[in-house]
Amino acid sequence: MTTRPRPEDLGTDPAPPGRTPLRGRETERAYIEDRLDRLALGTGAIVRIEGPPGSGRTRLLAEAAASARRRGMRVFQGSADAGAYAGGGGCVGEGAYADGGGRVGEGGQPLGSLGRPGLSGLPGPLGPAVAPGLGPLLEGLLCGEDPLPGAARLRDLAQEPGSRFWLLHELADRLREVARGGPLVVVLDDLQWCDDLTLLTFHTVAARLVSHPVLWLVAVRGGSVPPRVRTTLERIRESGAHALSLEPLDDRAVARIAADLLGAVPGPGDLRLARRAEGVPALLVELLGAFTDGGRTVVDEAPRSLAFVERRLALLSGAARALVETVAVAEPPVTVESLGELLGRPAVALLGAVREALDADLLTEDGEVLAFRHALVREAVAAGLPPSRRTSGHPEERAAIRHRPTLPSPATGADAAETEARTHLELARQALPSDFAEAARQAGAGAALPGVPPHLRARLLALRCLALALSGKYAAAESTPAPAREWAAADPAAEVTLAVAESVMCLYRMDWNSAFRHAERAAALGSGQAADTPEALWQGLLLNATGRSREALAMATAASTGSGAGGWASVRARALLDLGRPAEARAETEAVYRAGGGWGGGDPAAMGDPAAVGDLAAVTLVPTRLHIALHTGDRDELARAGEAARRLLRRDTAPAAVRATAAWMLALLADAEGRPTRVRAALDEGATLSDPTAPKTQATMNDPPIAHDPAAANTPAALSNPAGLSALAGLDAPAARNEQPASLPEERLLLPGLLDPGEAQALVRVALRAGAHEWAAAAVDAAERRAALNPGHPILAATAAHARALLGNDLGLLLRAARLYEDGDRPLARASALEDAGRKLAATRTPEAVPHLSTALALYTRAGATRDVERVRRRLRAAGVRREPSSAGYAQDWPELTGAELRVVRLVARGLTNRQVATELALSPHTVGTHVRRVYTKLGIASRQDLTRLVRSRDSGE
């Protein structure tokens, strides 16, 4: 027996009873302790811990959770499982360094898997009705001695089919509520085994809570992970996630672990043995346990099987395990072809099993050669086989590979295919408002499954078409196969979605009449369906885009109900802004941001974080807030808008439509700041999204990158590229040469916003001030072409006249534009045309300028557009006229109320209690009550019902 020094002589601490200390992860532990310190001060974060199997991810999470509890923080723990849900006893990472074992939530309740396909029910108080894929997570949050508030409501939602969308909203709200009472730590292990719905839940909820005191500690296997997991990792990276990579242990850490296990300082023979684990903690622990006997190291015996390796093999399908076992006993070099020859099977039949073994990090490939990542693992696999099977190509190995399917499925047949397709459809539907690309991916994956019924495939393909159209991928959207259109004609739900997709594409082709025809058809077919979907919202967005803002507002007010009206509130916000009611519009946007659900992040201040809003909100709600800030001169809001635009532009995974909108926002902000070179750089950035091969302009080369990204230093531009210019203005080059609208090539985007052609005059103004005359000319051409192709829409004629007037400095056209605007619902646009006319007249005919400027001032004042008011007052003073300041803060259709009272009215009319309103607006309930009483007195009403009826009446224009 070998005699060894005591562990203290090596400088290591004695192991606590039943568990060895965590060694070699001091840097990672220090980082997590720092994040916990910051969490105690109110700063949350997302931390991703990545490492190969056996690297100690689970143990590190367990130590972090224990530390958080010692600080008095509330902790929830859970882990995905490679198999079906099975609640287990024990704690996370029970054992020395093993990744695995049972999992417990707060208070000791088991969590098991965060969700696996095929779960039909769960034990415990939720019962079998819990939605598969979210059950274990909900069990951890809703059960135990101290569940989340609103647990009963969440249980009800979990049991209602089709309610997962609202379940995510409620879950985020409840976690936010808990975080307000103190720091919260959420620990998720083995993310690589989570199903699609759990991944969507995680990155959606984590993103919404990024500004709250919530620390997410998430562990994922390193190396190859499924595409859906890569997408989730990219999403949390965009949300600011911090990454910790667990590398192999160094020699000192290996020696200290050996001393912990042996109870003495290891000798040279012990260390030689320990080094065979190649710095993998779990292998090291089991290796020393397998090769020691009562303190004596046994180094000369045959290789031993290891429990750690056996657990990893147990996670493989039968075919993959048999293949791994064959590689363990085959003579190197081993290739897929040589395995096929040994086993008597075509090489192509083995590819699925090979990919599974590679993804499990058991095998590696170097060119065509397959080998074990660790020689010790190979020896352990071989040692675990019966002696008769430790021969390369043994008949038993051939049989194992032949008769076990490569990718066994828990369910087969038409029913299983339909169930899986419906899951993809639900995931795509949930993702659509927030993530166009994810919605298209999920819908495409479902449509590609074999054996899916035609009507269901039609719904999936229609939804994919809509997601692609909204993201700007028109060529892909238009490639929807003809059979799918035939199937859609027989299924109302698919027909509605496809009609809206057609409407979106028609709008981009400048065929507004067809866009309306498709939208109206979709509205007629979709009556009675969910009101807060992109399909339902589209007609409202389209109405407002064509200058029919009062109709859009009335539709949005009638359709919105309760807290699930984030989309319609976004429509209302833009309509209210265009109707000259920015104070009311801002109140709507704040309600949407607080509502979350892919429209907002639960906090109006979160607009600076692109993770706080979804893709649809990024092209509708975020620009609305920017325009409100530009009209009112809100510097804080402008700063948030700038940060939001820069982050959206840096988000590589964002659709081109979203990034083009961000580029336009940056151009507007740069113009407001008087930075013409940055305006040109932002316009160039938008053109790059339409034509990545466009050459750089001098402005772009001399300016700092607009997104402040070092990688963007060589941003291409398109000022010298007519196609890029036309795309930026909303006109593709082929259409510029034809009388009729034509199909738009891939990624041809309207930079000044998808849903407001009225911004053409703003583009002309911004471009002229920046000296970018080519941009101004392209915008005018596009506006005039749009008006000519669609003579039935007066707003287009007004915009075209205004844009041409600015380019040509034409007073007559400015006055014509003002008259055309007067017939529509755009008082702020009319005020802008009158101001432009007054500015031109003031240069030579000052007395004639005063009436136009005075009318513009009255319109701006009535709207509460304080920044515009100050600018026009300066023009009038220069003309020798002084106007007394008018009362500010009153809305056009609510002259009786102040802005603060109106914000309260909006929320009360949505059904919120005084206490809920107080929480939303960061006021005391007493202050809210005072506002409500004053409103009742001013409006001559006596109840909340009266107030709700009055709000609906005024919003509908009655």
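**Cores and salt bridges in a predicted model**

Let me begin with the nonpolar interior, where the largest core has 135 residues, and those with the most contacts inside it are Leu432, Val504, Trp538, Leu626, Trp664 and Tyr860. Helix H19, spanning residues 454–471, gives the most to this core, contributing twelve residues. Please keep in mind that this is a predicted model. If we look at Val504, and leave aside residues up to four places away in sequence, we find that Val504 touches Leu466, Ala469, Leu470 and Trp538. There is also a second, separate core of 47 residues, which includes Ala253, Ala258, Ala282 and Val377.

Turning now to charged side chains, a search of the whole structure finds 54 salt bridges, and I will take three pairs in turn.

Arg59 and Glu63 meet at 2.9 Å, N to O; both lie in helix H2, residues 57–70, four residues apart, or about one turn of the helix, and both are buried.

The side chains of Arg826 and Asp578 form a salt bridge at 3.7 Å, N to O. Arg826 sits in the loop between helices H38 and H39, while Asp578 belongs to helix H26, so this pair ties together parts that are 248 residues apart in sequence. Arg826 is buried, with a relative accessible area of 6%, and Asp578, at 9%, also counts as buried.

Finally, Arg871 and Asp868 meet at 3.1 Å, N to O, and they are three residues apart in helix H41, about one helical turn. Here Arg871 counts as partly exposed at 21% relative accessibility, whereas Asp868, at 5%, counts as buried. Elsewhere, salt bridges that share partners join Arg572, Arg581, Glu584, Glu588, Arg906 and Arg910 into one network.

Methods: Residues numbered from 1 in each chain as written. Predicted model: local features only at pLDDT ≥ 70, side-chain atom pairs only at ≥ 80, totals over all residues. Heavy atoms only, no water. Core = buried A, V, L, I, M, F, W, Y, C linked by side-chain atoms within 4.5 Å. Buried < 20%, exposed > 50% of the residue type's maximum accessible area, 1.4 Å probe, protein only. Helix = DSSP H or I, 4+ residues; strand = E, 2+ residues; numbered from the N terminus. Contact = heavy atoms within 4.5 Å. Salt bridge = Lys/Arg side-chain N within 4 Å of Asp/Glu carboxyl O.
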